[in-house]
Amino acid sequence: MHYAALCSAVLQKLRREGIRGLWRASVGSIKRSHSAFDEEFGTDTESIVHLWQLDIDSPNRDDGTRYQPVDPDLIRAAIETLPIGLEDFVFVDLGSGKGRTLLLASEYSFKRVIGVEFSPQLNAIATDNIGKYPKVRCQHVTSTCGDAATYEFPPDNLVIYLYHPFGERVFRQVLQNLEASLTRHEREVYVVYFNPVLASLLDASGFLQRVELPVEWAIAFRNSTAADPTSGGKCVQQHLSS
Ligand SMILES: C[S@@+](CC[C@H](N)C(=O)[O-])C[C@H]1O[C@@H](n2cnc3c(N)ncnc32)[C@H](O)[C@@H]1O
């Protein structure tokens, strides 16, 4: 729809149904938009949702980024490139939104796939999507409603996935929590970070090192317990997405 036509439709809706009608229509449009992925699986993962459209009860609301999914092929490529036995790892998506990445991760043999999302509305959509998606490999897939800043990591080997979900304040807190968790339970951790705006925080963390991830828009890190067979233990320092 052209910009002028869109403005006119918005004004008409506002005149006819007031601000509530406009709100309902905009949230409704979140559900109506479909991608090829959604067409295939009957899910609702494609359309962008801004945080102002949602009721989020968190002090970190203003530090969060809007919901937007990643191209499925990039997620699959990132998972397939990890030099690990996936069955020994739990996959955690911090800021999991409508859960598209959870669905994609469930196609692999992870022990469990967990999403953490602070919007109850997005979490409800994710849970619905999980119910619709065929359970190919991983049978334990959940979306939980909570704040990433207070999330307690399970004591398993982890693949932590992020698609630039929040700003520096929350990111620092998450890294602090992760380091403390690793001190309590020594284990292997990989971090896969799409649109890595805050990569410098991971570089400066002191407990994570870069590993090669030949996937567009993403970089990856591991802790020192996690061996990297592809680089013989040598870390890759260059920014692969730049
Ligand atoms: C760019 S989207 C990522 C979507 C999802 N990871 C994917 O790949 O399909 C960012 C998501 O992070 C969520 N978010 C932002 N801050 C958060 C926080 N502190 N705790 C939990 N979720 C958060 C937003 O609501 C949004 O759904």
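Colleague: Which helix and which strand each supply at least two residues of the shell around the ligand?
Modeller: This is a predicted model, where local features need pLDDT of at least 70, side-chain atom pairs count only at pLDDT 80 or more, and totals for chains, interfaces and linings use all residues. Residues are numbered from 1 along each chain as its sequence is written. Helices (H or I, at least four residues) and strands (E, at least two) are DSSP runs, numbered from the N terminus. The two suppliers are helix H4 (100–105) and strand S2 (112–117).

Colleague: Which residues around the ligand come nearest?
Modeller: A residue counts as near the ligand if its C-beta atom, placed from the backbone, lies within 6 Å of it. There are 27 residues around the ligand, and those that come nearest are Gly-64, Gly-95, Gly-97, Phe-118 and Pro-165.

Colleague: What do the buried residues of H5 pack against?
Modeller: Buried means 20 or more other C-beta atoms within 10 Å of a residue's own, exposed means 12 or fewer, and partly exposed is in between, with C-beta atoms placed from the backbone. In H5 the buried residues are Leu-122, Asn-123, Ile-125, Ala-126 and Asn-129. Down the axis of H5 they fall within an arc of 160 degrees (the arc of directions from axis to C-beta atoms), so they line one face. Taking contact as C-beta atoms within 7 Å, these residues pack against H4, S2 and strand S3 (141–145).

Colleague: Which exposed residues sit on the face of H6 turned away from its buried side?
Modeller: Val-170, Phe-171, Val-174, Leu-178 and Leu-182 are buried in H6. They fall within an arc of 110 degrees seen down the axis, so they line one face of H6. The face turned away carries the exposed Glu-168, Gln-176, Ala-180, Thr-183 and Arg-184.

Colleague: Which residues have the most contacts inside the largest nonpolar core?
Modeller: A nonpolar core is a set of buried Ala, Val, Leu, Ile, Met, Phe, Trp, Tyr and Cys residues joined through C-beta atoms within 7 Å. The largest one has 56 residues. Beyond four places in sequence, Val-92 is in contact with residues including Ile-114, Phe-153 and Tyr-161. Those with the most contacts in the core are Val-92, Val-191 and Val-192.

Colleague: Where does His-164 lie?
Modeller: Most residues other than glycine have a negative phi. His-164 has a positive one, near 25 degrees. His-164 is partly exposed, with 17 other C-beta atoms within 10 Å. It lies in the loop between strand S4 (157–163) and helix H6 (168–184).

Terms used: Contact = placed C-beta atoms within 7 Å.
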